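Open the model in your viewer and keep the selection tool at hand. We will take a few stops, one selection at a time.

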There are 2 protein chains.
Amino acid sequence: MGGIVVVGQVGRDLVLEVDGVPPEGGAAPVRRRRELLGGKGANQAVGCRQLGARAALVAVVGADAAGADALAAAAADGIDVTGVVRRDGAATALLVDVVGPPGVRRLLEDVPEEVLLRPDDVRAAAALLGGADAVLLQLQQPGPSVAEALRAVAPGSLVVADGAPDDERVRELVLDRADAVRADTAETAALTGRAPGDTAGTVRAARELLGRGPRVVALASPEGADVVAWPGGHVVLPHLEPDPVDPTGGGDAFVAALAVGLLHGEEPGTAARWAAVASAQVAGTAGGRPGLSPELVRRQAPRG
Amino acid sequence: MGGIVVVGQVGRDLVLEVDGVPPEGGAAPVRRRRELLGGKGANQAVGCRQLGARAALVAVVGADAAGADALAAAAADGIDVTGVVRRDGAATALLVDVVGPPGVRRLLEDVPEEVLLRPDDVRAAAALLGGADAVLLQLQQPGPSVAEALRAVAPGSLVVADGAPDDERVRELVLDRADAVRADTAETAALTGRAPGDTAGTVRAARELLGRGPRVVALASPEGADVVAWPGGHVVLPHLEPDPVDPTGGGDAFVAALAVGLLHGEEPGTAARWAAVASAQVAGTAGGRPGLSPELVRRQAPRG
């Protein structure tokens, strides 16, 4: 089992469980509060680590106490943080996850521009990226930094891309190099130029993207399922958690488990089932932090 | 100018300015984020200090990093924090103040029971309370702790009470001893047994409360004004900030300025006008932290 490098966001995840959002001018008591390591990059790295992979982060935090806390928490999770930049004068990203009533989530996102990756930050982590067995690339990061990361990846390593770059040129670079691409419904529209209206349309969109480079394409359908397609077939995976507490982090766990499965040499259909189980686990708890294990995904993943 | 001891809540105030609260399942970017010393007690102590009084706090924070930060911030503001307990195993209170669009505020309040004052905490601060020229008492704290604080206050010192105790016996103790009482509309209903429907009714409620002990009664009217009454008369002070950004902390600044004014020996009508100016200043900015000065309240307070 080799190492996975996650290129993306690291921040603080403040999870506030409430009975509901108060009306204008009102107040609501917080039933439960947790402050966790968060951000899509950290969530994915933690998921990879929990599934048995070595994991490293390429990301930016502030030179504030929250940044120090986030790095310490990631290190305590066994994640290599040598590729994380602490930016002077920047505030670490804060993601406030207001959950309540159960299943209803609202996010207040403060991701200052200063904690997005710059090409220089990625170049400084070139050795880490070049030595990775797999790279998980979050396309919410600026296009030039994504392009820089793609340049640093070794030819034989697995590339899993999450999202849709705004820039058309970067989009083509990603589709050309990525082994696997994951997108939600809005990102699917950005990648293909139109939003699928149902699951059948999502399967068609996945087939179209397979023709543009990747060997595995995972798209969320607007009907509450995940479609995972590869040249020889596809699976439609309805969401496994019938009563989700909080969808935050579900997509990140999906990507992490998909990457670990593919890196293990599993068939795309098997890796997809691991991903669906991982996503359901996170959606079943408040906050974006996964609580995965290899046993969980192997035991619960339905057979194809 | 003597010292004011504030008995109340200290915590973190996380102010998030957004364009609006996202719909269920949605996300909204935070336009501006600030993390400040907060809680009604801290806000009142900061206000007293800014208006030139010596100020001390009797309060409880957790033995966590947030508690250490809150104490350091209060000390940096020149507040005596020797009466603040750091409770092992408790989490410092967190007040999330979601502001947006301007003027619309929602509070998510996490005040764990462990950071409410216990009678022992108040007894430990008896010397501080007994030596105070004035005590500002927040009646959101548990009744037995409020009663303990009243026992510790020296006979000649000024007592300003803010709110309405749930417990009837404590309510009578407070009305009997307090020189001044401040209440919002809900608290007025708790103190008098009925909610005034308009400003005239609020004046009648203030007169009734004057008959029960205090020499100054300040009540918010349901029509957006503050009524301040004393045995010789009353003033009705319409809110001075026509375009409030965030009402958080307005009531705390009101109480602080009223207390400082009365302690200075100002007439109740003058102290009331200081209070109205202080409240408007805080309502004109996001977050509960005041930005007061003696010059501000003296210059802007309208003559009676």
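Start by selecting residues 4-290 of chain A: in this predicted model, the C-alpha atoms at the two ends of that span lie 17 Å apart. Helix makes up 36% of the span and strand 30%. An unreviewed UniProt entry annotates these residues as "domain: Carbohydrate kinase PfkB".

Next, pick A:Arg177, which belongs to helix α6 (residues 168-177) of chain A. Is this residue buried, partly exposed or exposed? A:Arg177 is partly exposed, because its relative accessible area of 21% falls between the 20% limit for buried and the 50% limit for exposed. Now show its contacts, leaving aside residues up to four places away in sequence: A:Arg177 touches A:Leu150, A:Val153, A:Ala154, A:Pro155, A:Ser157 and A:Val159. For a distance to draw, try A:Glu148, 29 residues away along the chain, whose C-alpha atom is 13 Å from that of A:Arg177.

Now for some rings. Select A:Arg182 and A:Phe254: the charged end of the arginine sits over the phenylalanine ring, 4.4 Å from the ring centre. Then move to chain B, where the charged end of B:Arg182 sits over the ring of B:Phe254, 4.4 Å from its centre. If you go looking for aromatic pairs, a search of the whole structure finds 0 over all chains.

Stay in chain B and colour strand β4 (residues 54-62) and strand β5 (residues 80-87), which run parallel and are joined by 6 bridges. To find one pairing, select B:Ala59, whose bridge partner in β5(B) is B:Val84. Finally, add helix α2 (residues 65-76) of chain B: with β4(B) and β5(B), this helix makes a right-handed β-α-β unit.

Conventions. Residues numbered from 1 in each chain as written. Chains lettered and ligands numbered in written order. Predicted model: local features only at pLDDT ≥ 70, side-chain atom pairs only at ≥ 80, totals over all residues. Heavy atoms only, no water. Helix = DSSP H or I, 4+ residues; strand = E, 2+ residues; numbered from the N terminus. Buried < 20%, exposed > 50% of the residue type's maximum accessible area, 1.4 Å probe, protein only. Contact = heavy atoms within 4.5 Å. Phe/Tyr/Trp six-rings, centres within 6.5 Å; stacked < 30°, edge-to-face > 60°. Lys NZ or Arg CZ within 6 Å of the ring centre and 35° of its normal. UniProt positions renumbered as here; feature names shortened; annotations may be inferred. Pairing = 2+ DSSP bridges. Right-handed = clockwise from strand over helix to strand, strands pointing away.
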